[in-house]
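Here is a friendly tour of one protein model, written for someone who likes cut-offs spelled out. Take a look at the structure first.

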Amino acid sequence: MIRRLASGFIAPRSSRLSSSLLSLLFSALLCVSAHAADYPGYRQADWIAPSFTFHTGETLNNFKLHYATAGDPANPAVLLLHGTYRSGADFVGKDFAGEMLGPEQALDASKYFIIMPDAIGVGKSAKPSDGLRAKFPQYNYADMVLAQYRLVTEGLGIKHLRLVMGNSMGGMQTWMWGEMYPAMMDGLVPMASQPIEMASRNWMMRRMLVESIRQDPAWNGGNYTSQPPSLRLANTMFGIATAGGTLAYQALAPTRAQADKIVDDRLNAPVTADANDFIYQWGSSADFNAMPHLTRIQAPLLAINSADDERNPPETGTMVAALKQLKNAELYLIPASAETRGHGTTSFSKFYAQQVGAFLKTLPQR
C-alpha cells in the first residue's frame with residue numbers, strides 16, 4: 001500500500017583549555033542538567049554485568065553500561081538510542097526533549113518511562129580509553145544492541161517496550177532491535193538511517209575518517225601520549241561533508257569569509273574526543289546490514305529521514321525498496337530547507353514530534 005505523507009513524499013506503508021572555554025563547557029553541562037531536572041524521576045546510574053561476551057568471542061568482566069531514565073518505571077517503557085560518538089544525554093537537551101518529553105508531548109515523561117543508555121564505547125560506558133586502548137574488544141552494532149537488551153531486561157527488569165526510537169547509529173540499531181527481538185516492542189522509529197548494508201559514500205567517509213587517524217604517526221598504534229593532530233582535522237572534515245545540509249550551508253555561509261569562519265571555529269574548538277574511542281566508534285558500523293533479516297520485524301515502523309541527509313540520500317530509492325518488504329511501515333521524509341541540517345536534522349524533534357505522536361496513537365498494545 002502507498003501512502004502520501006505530509007512532506008509530499010510517496011512512501012510505502014508496509015590539550016589545555018582556556019578559562020573561557022572551560023566556562024563555556026561548564027555552562028553547557030549546567031544547561032543539560034537543568035533540562036534533565038525538568039523531567040520527573042530523572043536519574044543516572046550504571047549497570048554492571050559480571051561478564052559480557054562480544055561477537056568476536058572476547059569477554060569483559062564487570063562490564064559497565066551507563067544509562068539515564070526519566071519517569072515512573074510502572075509506566076510504558078520507551079528506549080531512546082543515540083548517534084555515533086554522542087551519548088544518552090542528547091535526549092534531555094532542549095533540541096530533542098523540548099518538543100518531545102514535556103507535558104502532553106509525544107513522549108511525555110510523566111506518562112512513559114524513558115530509558116537513555118550510553119552505548120558501548122561512548123559516554124560513561126565501557127570504552128577503549130578506560131585503559132585497554134587498542135586492546136579493547138572489537139565491538140559492533142550487534143554487541144551494542146545485546147548490551148542494551150541486557151540492560152533493559154536484566155538491569156531494569158523490563159520485559160516489553162512501548163517504543164524503540166533511535167537516531168543515526170541509534171536508528172540503525174532500531175532496525176536491529178526489531179529483527180533481534182521482534183516481540184519486544186509495540187513500535188519502532190528509526191531515524192536518519194536505512195536498513196541497507198553499510199556502503200557507498202556513507203562507508204567511504206567513515207573509512208577515511210578512521211584511516212586519517214590510523215595513518216597519523218602520532219597515533220602510534222593506539223599508544224599515544226597526546227591526541228593525534230589528525231583527530232581534529234578528520235572530525236571537522238567529516239562533519240562538514242556528511243552533515244549540515246546543502247541549503248543550510250548556503251544560507252549560513254554565502255561568502256568565503258563566512259565559510260572560513262565556520263571552518264576556523266570548528267578547528268579551534270577544544271578536542272574532547274579520544275582517538276582510540278573515535279576509531280572504534282566509527283569502525284563499529286562496518287558490518288551493519290539489516291536487510292537479510294528485515295522481514296523478521298513484526299512491530300509497526302515509522303522511519304524518519306530528512307530529504308537533505310548526506311549519508312542517506314533519498315534519491316537512491318533504497319529506503320522505499322526496503323520498506324516494501326514490511327507489512328506495516330511508512331516513511332516520513334522531512335523536506336529540506338535552510339532550517340534543516342542534513343544528516344543532523346533529526347537531532348531537532350520539532351521537525352517530527354507531531355508525526356511520532358500520531359504514530360504512537362495508532363500502535364496496538366502487544
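The notes below cover a helix pair, the nonpolar cores and one asparagine.

This is a predicted model, in which local features need pLDDT of at least 70 and side-chain atom pairs count only at pLDDT 80 or more, while totals for chains, interfaces and linings use all residues. Residues are numbered from 1 along each chain as its sequence is written, and side-chain values use heavy atoms, with hydrogens and water left out.

**Helix pair**
- Helix H5 (residues 200-214) packs with helix H6 (residues 229-242) at an angle of about 170°, and their axes are 9 Å apart.
- H5 and H6 are therefore roughly antiparallel to each other (angles over 145 degrees count as such).
- Among the residues in contact (heavy atoms within 4.5 Å) are Met205 and Leu209 of H5, and Leu231 and Phe238 of H6.

**Nonpolar cores**
- The largest nonpolar core (buried Ala, Val, Leu, Ile, Met, Phe, Trp, Tyr and Cys residues joined through side-chain atoms within 4.5 Å) has 53 residues.
- Phe63, Ile120, Leu161, Trp175, Trp177 and Leu301 have the most contacts inside this core.
- Helix H3 (residues 141-155) gives the most to this core, with 6 residues.
- A second, separate core of 32 residues includes Met191, Phe351, Leu360 and Leu363.

**Asn312**
- Asn312 sits in the loop between strand S9 (301-306) and helix H10 (318-323).
- Asn312 is buried (under 20% relative accessible area), with a value of 6%.
- The side chain of Asn312 makes a polar contact (a pair of N or O atoms within 3.5 Å, one able to donate a hydrogen and the other to accept it) with the side chain of Gln194, at 3.4 Å.
- A polar atom of the Asn312 side chain lies 3.3 Å from the backbone oxygen of Ala192.

Key: Axes fitted to C-alpha atoms, helices over the stretch in contact; angles between N-to-C directions. Helix = DSSP H or I, 4+ residues; strand = E, 2+ residues; numbered from the N terminus. Parallel < 35°, antiparallel > 145°, perpendicular 65-115°, else oblique. Buried < 20%, exposed > 50% of the residue type's maximum accessible area, 1.4 Å probe, protein only.
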